[in-house]
Amino acid sequence: MERAVLQITLFGLLLALAATQPNKDDWDIYSFHINSTVTSRYATTVITSRMANRMDKSKEIEFHVRIPKNAFISKFRMFIDGQVYDGIVKGKEKARQQYTEAVSRGQSAGLVSSVGRTLEEFKTSVTVAAHKKVTFELTYEELLKRRLGKYELQIHARPMQPVKSFKVDVHIHEESGINIVEVKGGLALADAINKTHADNEVWVNFYPTEDQQKTCTSCGEQGLNGDLVIVYDVNRDSGLGDIKTSAGYFVHHFAPSSLTRISKNVVFLIDRSGSMHGKKMQQTRLALIHILNDLSEDDHFGLITFDGSISYWKRELVQANQRNLESAKIFSRNIRESGATNINSAVLEGASLLNAHPREDSASILILLTDGDPTSGVTNLEQIQSNVRVAIADKFPLYCLGFGFDVNFEFLEKMSLQNNGVARRIYEDSDADLQLKGFYEEVATPLLIDVTMSYNGGTNLTQTEFSQYYNGSEIVVAGKITDNDIGTFTPQVVAISSSKKMTFSNPNGTVESTGTESADQIQRVWAYLTVKQLLEKELLLSGAEKENVKREALELSLKYSFVTPLTSMVVTKPEGGDTEVLHKPKEGEAPRHPNIGSSGSVMHFFVPDALPVPQGLPDDGVSSIQPRGFAPGAGSVMYNSAPQGVPAGSVMHNFGARQASPGARQGLPDGYGGMDYGRVSSKKRKGFAPGVVFASIAPTQVHATIVPGKDKIPVSHRFLLKAENQSLPLCFDVTGDVRLKLLHHPTSELSVHGELHSVTNGGFRRIVIQLNADLYVDVELNKITVREGSRITHHTGQDPITAGSWTIIRRDKEIDVAGGDTHLVILIQGKDAQSFLWPVLRQQSSDSAEGILGQLSFFVVCALCPALNPVYEEVPQIPFTKLRIKDQEIDVTRANAADYSISPPLTLDCWLLSADSALQRRLEAFIV
């Protein structure tokens, strides 16, 4: 029988109530404790959640917490019926093997995924018998980083229901003494916090009552949802700093005080390409003016803006006196965005400016701000990195600030690391200007340059050479002491200050062993730092060197049970339960399940004892649905209520936007067309109706094999309408492999059409761009075809293509199409056979543009582009929410959708409504 491969993205929850918080009558978090211990800046935090199933039948209970991105999970345990179930850290390949074996038995996968700027989300679940209890215990570790003169310990609490026994206990011990301590954050309830500060120790206890858990800044009827942040700093001297040793390991914290600042030479490279249009450029101008105000008079500076060409404020570095600063502010206020992005020329010109004006006893810094990829000049990323490395030649650091998620962050990160700097993502938000200013403040005051840390009698050292040391920061080095002979261990720091070479050393010549820190802790600090730095180093290498570094990082991760991008934690649950594989994503990376395409959330699995056929669903199943690596019918989620004919606790399968029969849709809001039931011909299970298996998987992509039958399931595609200053974006479904009108300018001949894939949520398989009456660009995954009159040319490589006044550049994961004031980027999402196209409008020249990528009279409707402003008002209803758009109240359901306008995509919660309601026009108007 002929088979077709279908990649299904299962979006949306079956019932609105299932998307809300758990009913306390079903399961109860009766105890939620967080205990964090910080010793010498190294924090170990344990989250313990105790839950009870209050129902008369088995119930799936979820453990869902958020942890700092900088942390490594090191332990996870579950306690059920007196048994302990431990997570085991394994290399990704071995974990993948165990995962495959587990899913063949109908078991599940968990994940750790990025959430916002500073947090990652950890999810797992387990089925608990009636009136039984479960305890989850998660441990993570992190080295606190000193920024702007302070350390911050961030603790996020989100039990999402008031808890009878909620406690946060923090103990900080710093041998050198603690000089300041502050408790802040959305959970900082003065009446519920007790803080004790005694010289070198601090205790913070946060014990809110159930009523208080509903009244803080980040609280509500669902309880706590926010951060408790403990800010502190330690006493310092002007010498060698803190050195802790124990059992053959050491950690050295170096942050001398009372140093004279070094004047600096700084060049700012500001991207003014078309994609910076609007709020991004407004915030950049504002931040730049604030930064100029902070320059000291003995600093020298330069400003360069760039699009496809380079513009100088002045062609030399000038002193930051009042006259020059006022001139630079006028220049900054008049920066206007347009055109392409020539990153190569901009960075080379900035480096040339610094190299041409060297000053003794000063520190040079190059800062690049961009929001996209290079689209003009040199566009090969490796060539740009090579050119920049030669131009800078280790003379000064390059700091790269990537604005938003359209930027190729890995490219910027690698280029920064190659040149002794760091990359930082600037999030598109109302405080983006403060983020920019905050980063500048971290590097605004150099105190030392060319810092070399040496350790006679030390080995296996972490990074020991640093181009600059800034006020408010800290340098940390860890290593092993050769033969554990502390008598021969001699640390020393050599650096250049404002006017002379300085040497920092121990006046006694030796270091005494410190017994306050456990041997295990200092050893773990060394392992933590080493793994972090090896992961950065691996990014810079290739071939055998890269593999050797990766292998070393993997071995250390396994030895110390760190969940890193190279390892996974395998959690085996009670017999008949699940095996989960937990992963840690890289910065900006969408988390992935083994053997699965893209990702979003945890998959939950449960097989009910009996399952009747829902009313309205025929039982002559003709499709065999089997996710790759999954047993048929294994995947499911229990819900408290269900369509008629499906008992509470049963499960259903979502196939996108196919409209279910009225009986099957009973209990759902009107207009919701995202429900369908999978009909499969598989082996009968005890108590199952013939040929029926129901499953629901929270938003993630799985691969399935479809055997065509007499009722083919229509494909569905989900689009997002992002909203500024709204609680959630809107989303809607388009059914069928149709061709959509994406963009049309009535005053020009430009139009863009896109053919949707014939697989669910498979994006576009083809984008056709008409530039004028005789000129077309036809973009497919593997080739670009240019039709100019009767002349047709095919392009498969990465050489720039010229079509009239337009330029097309193909890269590994995107295709740039730019001409005049219009800039379209076509992202290549997915992987291998599941790849698809997704167009993103970065800049448009006409306010009267039509189409899904254009502007409509109601609000900017740009389902495929990032800058949107749909306006709606939530109208709470029971049991379903409505939105008021214009003067119309519309039924909506809380669902999920992948944001394919960034790469890798992120999964967002959204309000799901009909396409007509979302677009405020009939969908047919957008179908060609």
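**Exercise 1. Is D371 buried or exposed at its relative accessibility? Place D371 in the chain and find its neighbours.**

Please keep in mind that this is a predicted model.

Step 1: Start with the location. D371 sits in the loop between β24 (362-370) and α6 (381-392).

Step 2: Apply the cut-off. Buried means under 20% relative accessible area. D371 has 1% relative accessibility, so D371 counts as buried.

Step 3: List the neighbours. Leaving out residues up to four places away in sequence, D371 touches D271, S273, S275, M276, K280, F403, D406 and V407.

Step 4: Pick out a polar contact. The side chains of D371 and S275 make one, at 2.9 Å.

**Exercise 2. Describe the protein chain as a whole.**

Step 1: Count the secondary structure. The chain has 11 helices and 53 strands.

Step 2: Look at burial. The chain has 928 residues, and 58% of them count as buried.

Step 3: Turn to the surface. About 36600 Å² is exposed, with 46% of that supplied by carbon and sulfur atoms.

Step 4: Ask how far along the sequence contacts reach. Take the contacts between residues at least 6 apart in sequence: 68% of these join residues at least 24 apart.

**Exercise 3. Find the largest nonpolar core and explore one of its residues.**

Step 1: Recall a general tendency. In soluble globular proteins, nonpolar side chains tend to be buried together.

Step 2: Identify the core. The largest one has 56 residues, and those with the most contacts inside it are F63, F76, F136, F206, I230 and Y232. Strand β2 (residues 27-39) gives the most to this core, namely 5 residues.

Step 3: Zoom in on F206. Not counting residues up to four places away in sequence, the residues that F206 touches are F166, K167, V168, L187, L189, A192, I193, L224 and L228.

Step 4: Look for another core. A second, separate one has 51 residues, including F732, L750, V786 and I826.

**Exercise 4. Work out the strand order and pairing of an open sheet of 4 strands.**

Step 1: Read the order. The strands run β29-β27-β31-β32, with antiparallel pairing.

Step 2: Find the edges. β29 (465-470) and β32 (501-505) are the edge strands, as each pairs on one side only.

Step 3: Check the angle. On average, neighbouring strands of this sheet are turned by 30 degrees against each other, direction ignored.

Step 4: Examine one pair. β31 (residues 490-496) pairs with β32 in the antiparallel sense over 5 bridges. A495 stands opposite M502 in β32.

**Exercise 5. Compare the surroundings of S40 and S561, two serines with positive phi.**

Step 1: Note the angles. Phi is near 50 degrees for S40 and about 55 degrees for S561. Neither residue is a glycine.

Step 2: Locate both. S40 lies in the loop between β2 and β3 (42-53), while S561 is in the loop between α10 (543-559) and β33 (567-572).

Step 3: Decide on burial. S40 is buried because its relative accessible area is 4%. S561 has 28% relative accessibility, so S561 counts as partly exposed.

**Exercise 6. Where is P162, and how far is P162 from D28 in sequence and in space?**

Step 1: Find the loop. P162 lies between β10 (151-157) and β11 (165-173).

Step 2: Check burial. P162 counts as buried because its relative accessibility is 11%.

Step 3: Set the two distances side by side. P162 and D28 are 134 residues apart in sequence, and their C-alpha atoms are 9.4 Å apart in space.

Notes: Residues numbered from 1 in each chain as written. Predicted model: local features only at pLDDT ≥ 70, side-chain atom pairs only at ≥ 80, totals over all residues. Heavy atoms only, no water. Core = buried A, V, L, I, M, F, W, Y, C linked by side-chain atoms within 4.5 Å. Buried < 20%, exposed > 50% of the residue type's maximum accessible area, 1.4 Å probe, protein only. Helix = DSSP H or I, 4+ residues; strand = E, 2+ residues; numbered from the N terminus. Contact = heavy atoms within 4.5 Å. Areas by Shrake-Rupley, 256 points an atom, 1.4 Å probe, with all protein chains shown as cover. Pairing = 2+ DSSP bridges. Axes fitted to C-alpha atoms, helices over the stretch in contact; angles between N-to-C directions. Polar contact = N/O pair within 3.5 Å; in protein donor to acceptor, adjacent residues only side chain to side chain.
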